[in-house]
Amino acid sequence: MVHLVRELAANRAVTLPELLASRDNRQQRQQAWLAHYAAPLLVLTLVVPGAVKDSQLTRQIFNRGWRAVQRMSVQQGWHCHQQQTLALPTGCEGYLSLQADAWQIKRAAVALEQQQAVGRLWDIDVLTPEGQIISRSDIGLPERRCLLCDRPAKQCARQRTHSNEQLVSEIARIFYAAS
């Protein structure tokens, strides 16, 4: 059941065109999964600032998250149609097609993110069978806060309030403190 990412990490900066192409490819994969299984889709990626999206540390964070979402789906008794992980220079991606209510999956995924300190570094998206991404606000929760201050994370990212070095250092601190 556990398909962890094991290959060596790319450990290189990715370009903006690579990042944009990766997002387009992820959306295409998501649409293909939804069309094939007609079931909710859980997608695990990571919150990784800066140009290096795939490192030994991000692989460890991803693998911990992947094990956690798999445990969650088993504990909830959800049937898994298919699962897959991808190790990409633009960051690891994990896909689980689940036979369950998408809203219930999202609530459980957010609870998982909040139960573990390292969960703050996971980005667990849940898509309905129709392709709608269920947001935190859709289930009555506030948007994510910045890793370093109490402002909305999107606001700090847009304004580049904190350096990449500060953010990467905080990510490592969170991960190793939780280990």
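The legends below describe close-up views of a predicted model. Local features are restricted to pLDDT of at least 70 and side-chain atom pairs to pLDDT 80 or more, whereas totals for chains, interfaces and linings use all residues. Residues are numbered from 1 along each chain as its sequence is written, and side-chain values use heavy atoms, without hydrogens and water.

**View A. The open sheet has four strands in the order 2-3-1-4, with antiparallel pairing.** Strands (DSSP runs of E, at least two residues) and helices (H or I, at least four) are numbered from the N terminus, and two strands pair if DSSP finds at least two bridges between them. Strand 2 (79-86) and strand 4 (122-127) are the edge strands, each pairing on one side only.

**View B. Strand 1 (residues 41-46) and strand 3 (residues 93-99) run antiparallel and are joined by four bridges.** Within this region, leucine 41 stands opposite serine 97 of strand 3.

**View C. Helix 3 (residues 102-115) lies across strand 1, strand 3 and strand 4.** Its direction runs at about 175 degrees to strand 4, where axes are lines fitted to C-alpha atoms, for helices over the stretch in contact (heavy atoms within 4.5 Å), and angles run from 0 to 180 degrees between N-to-C directions.

**View D. Helix 1 (16-37), strand 1, helix 3, strand 4, helix 4 (153-159) and helix 5 (164-178) each supply at least two residues to the lining of the largest pocket.** A pocket is an open set of points on a 1 Å grid over the protein atoms alone, where a 1.4 Å probe fits, with protein on both sides within 12 Å along at least five of seven lines, and lining residues have an atom within 4 Å of a point. Helix 1 gives the most to this lining, with seven residues.
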